[in-house]
Amino acid sequence: MKHSEFIGKNILIGLSWVDYEDNLLAQQSVFGRITRIADNMLYIDSGEDEEFTIPFDAEHIEKSDPELIYNLHDPERTVSGVDFTSCWTIYHSGDDDEEQNDDC
């Protein structure tokens with residue numbers, strides 16, 4: 001897909017933080033409108049003070065049915081009108097403060 005096909009569309013992003021033994025540490029959902037793609041980053045207006053960003057890789061962004069209703073846990077709410085989804089797992093080694101990202 002072309003960059004222009006993402007702009008103005010809604011995306012739901014799932015984030016999971018896990019430790020070096022794959023124990024779940026925390027989860028977060030971010031929902032918002034894609035505002036731009038620049039420098040290999042996807043910028044999302046989630047209604048917060050700052051834009052939320054994730055690395056842009058079209059192969060790791062799934063199309064969604066906008067009629068579906070998603071139940072979010074953090075913060076607890078429901079959203080619909082989701083055009084795309086993307087989920088990310090952030091690994092923490094436990095040895096130091098470095099983190100490694102891996103998409104799921």
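Where is Asp83 found? Asp83 sits in the loop that links strand S7 (76-80) to strand S8 (84-92). Keep in mind that this is a predicted model.

Start with the surroundings of Asp83. This residue is buried, yet it has no salt bridge. Lys9 is the nearest side chain of opposite charge, and it is 5.1 Å away. A salt bridge needs the two charged groups within 4 Å, so Lys9 at 5.1 Å does not make one. Asp83 does have a polar partner elsewhere. A polar atom of its side chain lies 2.8 Å from the backbone nitrogen of Asn10. Beyond its neighbours within four places in sequence, Asp83 is in contact with Lys9, Asn10, Glu62, Lys63, Ser64 and Pro66.

Now step along to Thr85, which lies in strand S8. Leaving out neighbours within four places in sequence, Thr85 is in contact with Ile11, Leu12, His60, Ile61, Glu62, Ser64 and Tyr70. What about Asp65? Thr85 and Asp65 are 20 residues apart in sequence. In space, their C-alpha atoms are 9.9 Å apart.

Strand S8 also leads to the largest pocket. The volume of this pocket is about 240 Å³. Its lining is made of 16 residues. Gly14, Gln27, Gln28, Ser29 and His73 lie nearest the centre. Two or more lining residues come from each of strand S1 (10-18), strand S2 (24-38), strand S6 (69-73) and S8. Which element gives the most to the lining? Strand S1 does, with 5 residues.

How values were computed: Residues numbered from 1 in each chain as written. Predicted model: local features only at pLDDT ≥ 70, side-chain atom pairs only at ≥ 80, totals over all residues. Heavy atoms only, no water. Helix = DSSP H or I, 4+ residues; strand = E, 2+ residues; numbered from the N terminus. Buried < 20%, exposed > 50% of the residue type's maximum accessible area, 1.4 Å probe, protein only. Lys, Arg positive; Asp, Glu negative; His and termini not counted. Polar contact = N/O pair within 3.5 Å; in protein donor to acceptor, adjacent residues only side chain to side chain. Contact = heavy atoms within 4.5 Å. 1 Å grid on protein atoms, 1.4 Å probe; cavity = no way out; pocket = protein on both sides within 12 Å on 5 of 7 lines; lining within 4 Å. Points joined across faces, edges and corners; volume = space filled by probe spheres on them.
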